[in-house]
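Let's walk through this structure together, one site at a time. Have the 3D view ready to rotate as you read.

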Amino acid sequence: MGLKRGGLLLALALALYLCSPLEAQLTVGFYRTTCPRAELIVREEVNKAFQSDNGIAADFVRMHFHDCFVRGCDGSILLDSKPGNTAEKDSPINNPSLEGFDVIDNAKTRLEAACKGVVSCADIIAFAARDSVRLSKGLFYDVPSGRRDGRVSLSAETFANLPPPTFNLAQLTQMFASKGLTQQEMVTLSGAHSIGKADCSSFSRRLYNFNSTVQTDPSLNPLYAAELKQKCPPGASGTTVPMDPPTPLALDISYYKGLLENRGLFTSDQALMSSPATANQVRANRNNNNLFSTSFTAAMIKMGRIGVLAGSAGEIRLNCRVVN
Ligand code: HEM
Ligand SMILES: *[C@@H]1O[C@H](CO)[C@@H](O)[C@H](O)[C@H]1NC(C)=O
């Protein structure tokens, strides 16, 4: 009797768990029958954009991160500001550094022509990020899809949900944990900083006014600090430097090599060396390209599941810049 009831409760709990919107069902090949060319169309548009500007790959990897951390991966990063509402994309964290919105528009226009009202803007970002990883790493992974689009985008929400480059390890760990990501996954995903560029203003404090007693952050390699000072004079803004100078276009373990030489560009990068556990993981990645590749793609897929809308939640936007 008791056993029977226990079994029933268990089945009920399982059913609730499986239906829970927190565990929304994404599947690989979600558009296989409804829009068979969906992933191909996105890939073609990303490839085309990459051919004229190879910096675009970094933008899409970052765009997916910034979409997912604010209100979940719901395409909220793509909504335009309107009178009375400044959108996420116009937060100083994203504007002007985050680019590629026009490429998403091009893909969406073709997708609407091919299969009207079917493919979400949130999925387009996830596909574009995956394609960008392939272009930067030669590594392909299948992206679970079926995300739907949100209707809200607030610049104000970016500040509490996206980490600033000044964060220390405890702050970073806490913010990733609040999104359901482990400290290990954080170290792995930070490897995305092996591609792309950063504005001098994102790290100039480390060069010129670290604190009241030390001008230059002592945890920054002095040779690297000198190089950076040349490229970024005091107060420079609008000038960018590569985040992983040896291989700025390759999503590779060179980022971790850099951390072991105190060449992490941000406080948040070098912070990964500030505890034994994370420093060990940096070393493990540095020594094993396969380990990094496998864990990076797995962590990207997990990040892509944060707070997604699925089933009948949200909508499929017809234009990624405005709600229907
Ligand atoms: C761990 C905490 C993180 C912090 C504090 C952080 C912060 C930043 C900052 C400040 C920039 C430079 C923006 C600029 O000055 O133009 C940047 C660039 C970038 N971030 Fe992160 N980020 C973090 C994690 C991530 C993650 C998890 C990803 C993706 C998986 C990512 C992908 C990128 C990429 C690809 C760029 C280069 C963008 C470009 O070249 O346009 N970041 N990040
Ligand atoms: C400034 O930074 C150095 C190096 O991290 C540290 O030793 C020192 O205590 C800091 N000073 C202040 C006033 O925070």
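K89 sits in the loop that runs between α3 (56-69) and α4 (101-114). Keep in mind as you look at this lysine that the model is predicted. Is K89 buried or exposed? Its relative accessibility is 8%, so K89 counts as buried, the cut-off for that label being under 20%. What surrounds K89, once neighbours within four places in sequence are set aside? The residues in contact with K89 are I77, L78, L79, D80, N94, N95, F101 and R321. With L78 there is also a polar link to find: the side chain of K89 reaches the backbone oxygen of L78 at 2.9 Å.

Next, turn to the ligands. The iron atom of ligand 1 takes a single donor from the protein, the NE2 atom of H193, at 2.1 Å. You will find H193 in the loop between α8 (183-189) and β3 (197-199).

Ligand 2 is surrounded by F210, N211, S212, T213, V214 and P218. Two of these side chains are worth zooming in on: an N or O atom of the N211 side chain is 2.4 Å from an oxygen atom of ligand 2, and one in the T213 side chain is 3.0 Å from a nitrogen atom of ligand 2. On its own, ligand 2 has 360 Å² of accessible area, and the protein covers 41% of it.

Finally, a look at confidence. The chain has an average pLDDT of 94, and 93% of its residues score at least 70. Over residues 14-22, however, pLDDT stays under 50, and the model has three contacts beyond four places in sequence for them. Where pLDDT is low, predicted coordinates should not be read in detail.

How values were computed: Residues are numbered from 1 along each chain as its sequence is written. Chains are lettered from A and ligands numbered from 1 in the order in which they are written. This is a predicted model: local features need pLDDT of at least 70, side-chain atom pairs count only at pLDDT 80 or more; totals for chains, interfaces and linings use all residues. Side-chain values use heavy atoms; hydrogens and water are left out. Donors are N, O and S atoms within 2.8 Å of the metal (3.2 Å for Na, K and Ca); water is not among the atoms, so sites may look incomplete. Helices (H or I, at least four residues) and strands (E, at least two) are DSSP runs, numbered from the N terminus. pLDDT is the predictor's confidence in each residue, from 0 to 100. Contact means heavy atoms within 4.5 Å. Buried means under 20% relative accessible area, exposed over 50%, partly exposed in between (1.4 Å probe, protein chains only). A polar contact is a pair of N or O atoms within 3.5 Å; within protein, one must be able to donate a hydrogen and the other to accept it, and residues adjacent in sequence count only if both atoms are side-chain atoms. A residue is near a molecule or strand if one of its heavy atoms lies within 4 Å of it. Accessible areas come from the Shrake-Rupley method with a 1.4 Å probe; for residues, only the protein chains shown count as cover.
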